[in-house]
Amino acid sequence: MRLYAVVAAGGFRRFATYRVATVAGVFTNTVFGFIMAYTYIALWDERPQLGGYDQAQALTYVWLGQALLTTMALMGGGFEDELIERIRTGDVAIDLYRPADLQLWWLAGDLGRACFQLLGRGVVPMAMGALAFQLALPSNPFVWIAVLLSIVLGMVVSFAMRYLVALSGFWLLDGAGVTQMAWLAGTFFSGMLLPLNLFPGLLGEVARALPWSALLQVPADIMLGKRTGWALPGAYAFQLGWAAALLAAGRMLQSAATRRVVVQGG
Amino acid sequence: MAEGLRAYWLIAGMWIRSTMAYRASFLLTALGNFAATAFDFVAILLMFSHVNSLGGYSLGEIAFLYGAAAASFGFSDLVMGSMDRLGRRVRDGTLDTLLVRPAPVLAQIAADRFALRRLGRVTQGLLVLGYAIGVLDVDWTPVKILLVPVMVLSGAVIFSAVFVAGAAFQFWAQDASEVQNAFTYGGVTLLEYPPTVFAKDLLRGVTFVVPLAFVNWLPALYVLGRPYPLDVPRWTAFLGPVVAVACCLLAGAAWRLGLRAYRSTGS
């Protein structure tokens with residue numbers, strides 16, 4: 001357990017080193033936040049209470065989305081490119097010799113990265129948004145804790161999906177196509193482009209049931225008070241369920257893949 | 001200039017040949033590129049499943065703005081999209097290799113890893129533009145017809161200048177390629193929506209400081225017969241090519257200044 005804590009801290013520190021890049025990222029997240037906020041204002045001017053949100057809640061959603069964009073690695077930028085590269089070059093064999101579990105090792109490092117990006121690239125854009133617009137931020141500290149817990153669960157779901165993407169490299173050698181498909185699905189089905197409760201009919205129901213909704217829509221609904229009381233454990237169960245299922249799938253794929261490495265290395 | 005174009009064409013041609021070695025992979029990534037940008041328009045379509053107008057504009061009008069901006073940006077991304085790798089080259093020292101070659105550095109960097117798959121974005125923009133022209137109820141005059149291709153091309157040149165200026169900034173900032181994304185990807189996202197959606201200060205910024213408004217807003221609003229929310233004369237709709245040339249001169253100057261300021265990492 002201590003080992004993984006060290007790996008997570010390493011992941012955190014590694015991204016904390018790029019200070020200029022972080023400031024540049026904050027700038028970009030803020031610019032995008034402003035553009036999206038204005039389009040949402042136009043949309044909610046036309047249809048107040050759209051999707052059950054009022055305008056302040058819709059704007060809060062925009063800025064939470066910017067805060068979670070890199071945290072959840074919705075458009076890539078997590079560990080997966082590195083693992084794919086290690087699979088392609090065969091360096092992954094070294095990882096397999098380590099006295100650590102491959103999946104937990106990368107999970108720990110990626111959680112460290114995600115925590116840094118939540119603090120480094122999430123907090124400041126959110127504060128800028130709160131300064132420039134009327135947001136509906138929760139005043140109850142317990143809601144904030146509930147949101148944070150949900151964000152952490154979202155991080156695990158995000159990792160579990162990208163781990164599957166990375167492992168596909170064992171069979172495909174070139175992971176570019178799969179990573180691209182993954183971030184396409186990530187931006188669309190997480191609710192990054194538009195809240196999932198605005199998706200019409202069956203598309204909306206499917207989108208809300210898919211694992212990507214655990215990355216942004218579920219934390220946002222907790223933050224905006226749409227999931228309280230008994231709906232709150234329901235939201236966590238949804239995230240935990242996807243995390244467990246996807247991690248288990250990753251584990252199965254991993255053992256199939258490691259058998260393959262032995263064959264290749266033989 | 002001619003030398004630069006020749007170098008660009010040679011390097012880009014090499015990348016095209018290497019891409020075409022894996023045709024299936026090229027088709028898939030081009031399709032992915034198409035889909036990636038199409039989702040932005042899908043989001044607008046989803047918005048219009050709830051409303052009939054956004055900022056006072058109909059779906060057809062927004063599609064016209066969107067298609068023009070996306071096609072312009074697509075062309076500049078195809079030609080200049082590799083410029084954002086400059087920061088990495090400055091950091092890892094591989095820029096030095098390019099400096100000793102007998103070809104303009106700008107051409108070498110712009111053509112580096114030339115990605116033909118970016119045609120997916122161009123195609124998507126042009127399709128939406130075509131759809132918009134099909135559904136719009138515009139009183140087409142010869143001037144308006146001519147203004148559409150002029151708008152797309154001068155817009156592409158303006159975006160290219162932004163790419164070069166952003167890359168020049170990397171000579172000093174090194175690690176800040178994301179700032180460039182705010183102006184390129186952020187800029188195109190902004191222009192995909194009508195100007196009435198945004199605050200006046202933001203409009204002043206993209207009209208008089210970084211002249212993105214000339215990419216599509218000013219010419220497109222002339223075609224649509226709509227007033228521009230800022231108090232600017234109507235003939236500014238035709239200024240696109242002039243602004244594009246001015247942007248190129250400024251970006252070129254910034255580039256030379258940056259290149260002169262470059263200090264190798266020594267590694």
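Biologist: Which helices of chain A each supply at least two residues of the lining of the largest cavity?

Modeller: Helix 2 and helix 3 (55-69) of chain A do. Keep in mind as we go that this is a predicted model.

Biologist: How do you find a hole like that?

Modeller: Rolling a probe the size of a water molecule over the atoms shows where empty space is left. Here, the structure holds one cavity of 30 Å³ or more, and the largest cavity has a volume of about 30 Å³.

Biologist: Which residues line the largest cavity?

Modeller: Look for A:Met36, A:Tyr40, A:Tyr61, A:Val62, A:Gly65, A:Gly191, A:Met192 and A:Leu216. Helix 3 of chain A gives the most to this lining, with three residues. Sorted by class, the lining has six nonpolar residues, two polar ones and no charged ones.

Biologist: Okay, pockets next. How much space lies in the second largest pocket?

Modeller: About 810 Å³. To find the spot, go to B:Met1, B:Leu5, B:Met80, B:Leu106 and B:Val164, which are the closest to the pocket's centre among the 25 residues that line it.

Biologist: Which helix of chain B gives the largest share of the lining of the second largest pocket?

Modeller: Helix 12 of chain B, with seven residues. Several helices of chain B give at least two residues each to this lining: helix 1 (2-20), helix 3 (59-80), helix 6 (105-111), helix 8 (142-173) and helix 12 (240-261).

Biologist: And how many nonpolar, polar and charged residues does the lining of the second largest pocket have?

Modeller: Count 20 nonpolar residues, four polar ones and one charged one.

Biologist: Now the place where the chains touch. How many residues does the contact take from chain A and from chain B?

Modeller: Chain A puts in 30 residues and chain B puts in 35. You can also ask how much surface gets covered up: the two chains bury about 2,700 Å² between them, and 75% of that is on carbon and sulfur atoms.

Biologist: How many salt bridges does the rule find across the interface of chain A and chain B?

Modeller: One. The partners are B:Glu178 and A:Arg121, and their closest N and O atoms are 2.8 Å apart. The cut-off for calling a pair a salt bridge is 4 Å, so this one passes. There are also five residue pairs in polar contact across the interface, both residues being at pLDDT 80 or more.

Biologist: Which elements give two or more residues to the side of chain A that touches chain B?

Modeller: Helix 2 (19-46) and helix 9 (176-189) of chain A. Helix 2 gives the most, with 14 residues. By class, this side of chain A has 22 nonpolar, four polar and four charged residues. You've met helix 2 of chain A already, as it also supplies at least two residues of the cavity lining.

Biologist: How many salt bridges does the structure hold over all chains?

Modeller: The total is 16. One to look at joins the side chains of B:Asp77 and B:Arg118, at 3.5 Å from N to O. That pair links distant parts of the chain, 41 residues apart: B:Asp77 sits in helix 3 of chain B, and B:Arg118 in the loop between helix 6 and helix 7 (119-135).

Biologist: Last one, about the backbone. What is the phi of A:Gln49, and what is the phi of B:Arg113?

Modeller: A:Gln49 has a positive phi of about 65 degrees, although it is not a glycine. You'll find A:Gln49 in the loop between helix 2 and helix 3 of chain A. B:Arg113 isn't a glycine either, and its phi is positive at about 55 degrees. B:Arg113 lies in the loop between helix 6 and helix 7 of chain B.

Key:
Residues numbered from 1 in each chain as written. Chains lettered and ligands numbered in written order. Predicted model: local features only at pLDDT ≥ 70, side-chain atom pairs only at ≥ 80, totals over all residues. Heavy atoms only, no water. Contact = heavy atoms within 4.5 Å. Buried area = accessible area lost by both parts, 1.4 Å probe. Polar contact = N/O pair within 3.5 Å; in protein donor to acceptor, adjacent residues only side chain to side chain. Helix = DSSP H or I, 4+ residues; strand = E, 2+ residues; numbered from the N terminus. Nonpolar A, V, L, I, M, F, W, Y, C, P; charged D, E, K, R; others polar. 1 Å grid on protein atoms, 1.4 Å probe; cavity = no way out; pocket = protein on both sides within 12 Å on 5 of 7 lines; lining within 4 Å. Points joined across faces, edges and corners; volume = space filled by probe spheres on them.
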